[in-house]
Amino acid sequence: MMVFRGPEDVPAGFGPSVVAIGKFDGVHAGHRVVLERAKVDAATRGARVVAVTFDRNPLAVLRPERNPAELVGVPQKLRLLAETGIDATMVLTFDERLALLSPRDFVVDMLVEPLGMCTILVGTDFRFGRGGAGNADLLRELGEEFGFRVDVVDEVRAIDEGRRVSSTWVRELLGAGDVETAAKLLGRPTAVWGEVVHGLKRGRALGFPTANLSASLEGFAPADGVYAGWLIDEAPGLRSGVRYPAAISVGTNPTFGDVTRRQVEAYVLDETDLDLYGHEVEVQFVSRVRGMTAFDGVESLKAQMADDVAQVRRALGRG
Ligand SMILES: Cc1cc2nc3c(=O)[nH]c(=O)nc-3n(C[C@H](O)[C@H](O)[C@H](O)COP(=O)(O)O)c2cc1C
Ligand SMILES: Nc1ncnc2c1ncn2[C@@H]1O[C@H](COP(=O)(O)OP(=O)(O)O)[C@@H](O)[C@H]1O
């Protein structure tokens, strides 16, 4: 997949292209439906499929106090978009200048001219241009003038749940520890990504060494607690990631009271001599085992961890 950091990166004569535009936070099932539809449209027109997105949530600039924590950062968003098989993504820098473009200038300067846009797909609630003045109706008017089609995609609802799939809903589920329903809405495993850093060197003594993810991890960690899942080692040089079954802890290690920030750490089952320090890893959450507890001593924590590991084995079908 090609990545453009702005319209100036797009090679001359790039179009025609079918454009899907939005925040794509999480690249969830709703986004995936839009991108699949773009692919079908592009195939019938001999066009390329381009996702147009932003380097941050526009709220970060417009109303920072209401800006939600993101489900994925730009690097994972690009990777997840690439996995859908689209041709290119343009990541626009959402700064004051972009926010002040009129809807017409935005469409012409960012989409029509660089990308040779022949179709644009948007959700029913899509707003663009200064003050959010642009909507689907205005896009249709501009479409007549500049010769592109506008395809407004209906709400994608989750089967059984009857609610529109959204990154807000995914955040709510993760906040409640429901990583299973979140994965259904995401159309992929719930995950965070980061580098393995040094912790307090206690894990090994407890009998459960854990790979601790750096505080600058990417993604949205679910509620504090213990989870069954996978650790995927993506160290450079490994052609594809190595996937290990893992018992995952999210929280501040309240038994010890010495960690103030929330930490994601993973114990790889049945391994004692891995060296993961400095590796980039993905931690996938499959199901929740229990909440985080402040134990009154190390022995009770160790006994509970042994029980957690047995439950994780069963949850991953390795019991
Ligand atoms: C399966 C599992 C369950 C855990 N449960 C708890 C818990 O209930 N309470 C707690 O304080 N810490 C819990 N932890 C975190 C441990 O306290 C932590 O891994 C240990 O202190 C090692 O820290 P270190 O990696 O910084 O050396 C758990 C860790 C794992 C892997
Ligand atoms: N089964 C395992 N699961 C996770 N990490 C392991 C495992 N075996 C060895 N390791 C390595 O040991 C380190 C964890 O040891 P630990 O005593 O918990 O130290 P730290 O406090 O630095 O995390 C991990 O970062 C990893 O490099």
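This dialogue explains how to read several features of the structure shown above.

Trainee: Which conventions should I know before I begin?

Mentor: The model is predicted, so local features need pLDDT of at least 70 and side-chain atom pairs count only at pLDDT 80 or more, while totals for chains, interfaces and linings use all residues. Residues are numbered from 1 along each chain as its sequence is written, chains are lettered from A and ligands numbered from 1 in the order in which they are written, and side-chain values use heavy atoms, with hydrogens and water left out.

Trainee: Which residues come nearest to ligand 1?

Mentor: A residue is near a molecule if one of its heavy atoms lies within 4 Å of it. Around ligand 1 there are 24 residues, and L200, R202, T255, E265 and T293 come nearest.

Trainee: Which elements supply at least two residues of the shell around ligand 1?

Mentor: Helices (H or I, at least four residues) and strands (E, at least two) are DSSP runs, numbered from the N terminus. Here α9 (203-206), β11 (242-251), β12 (263-268) and α10 (298-315) each supply at least two residues. The most comes from α10, with three residues.

Trainee: How does the shell around ligand 1 divide by residue type?

Mentor: Ala, Val, Leu, Ile, Met, Phe, Trp, Tyr, Cys and Pro count as nonpolar, Asp, Glu, Lys and Arg as charged, and the others, Gly among them, as polar. The shell of ligand 1 has 11 nonpolar, eight polar and five charged residues.

Trainee: What polar contacts does ligand 1 have?

Mentor: A polar contact is a pair of N or O atoms within 3.5 Å; within protein, one must be able to donate a hydrogen and the other to accept it, and residues adjacent in sequence count only if both atoms are side-chain atoms. An oxygen atom of ligand 1 lies 2.9 Å from a backbone N or O atom of L200, and an oxygen atom of ligand 1 is 2.9 Å from a side-chain N or O atom of T210. A nitrogen atom of ligand 1 is 2.7 Å from a backbone N or O atom of T293.

Trainee: How much of ligand 1 does the protein bury?

Mentor: Accessible areas come from the Shrake-Rupley method with a 1.4 Å probe; for residues, only the protein chains shown count as cover. Ligand 1 taken alone exposes 630 Å², of which the protein buries 98%.

Trainee: What should I note about ligand 2?

Mentor: Of the 21 residues around ligand 2, those that come nearest are G199, K201, E271, L276 and Y277. A backbone N or O atom of T210 is 2.9 Å from an oxygen atom of ligand 2. A polar backbone atom of L276 lies 2.7 Å from an oxygen atom of this ligand, and a polar side-chain atom of Y277 is 2.7 Å from an oxygen atom of ligand 2. Alone, ligand 2 exposes 560 Å², and the protein buries 98% of that. In its shell, β12 gives the largest share, three residues.

Trainee: How many salt bridges are there?

Mentor: A salt bridge is a side-chain nitrogen of Lys or Arg within 4 Å of a carboxyl oxygen of Asp or Glu. By this rule there are 18 salt bridges. One of them joins D25 and R171, whose closest N and O atoms are 2.8 Å apart. This pair links distant parts of the chain, 146 residues apart: D25 is in the loop between β2 (17-21) and α1 (29-45), and R171 is in helix α7 (residues 167-175).

Trainee: Where does a cis peptide bond occur?

Mentor: A cis peptide bond joins G15 and P16, with omega about 0°. P16 is in the loop between β1 (2-4) and β2.
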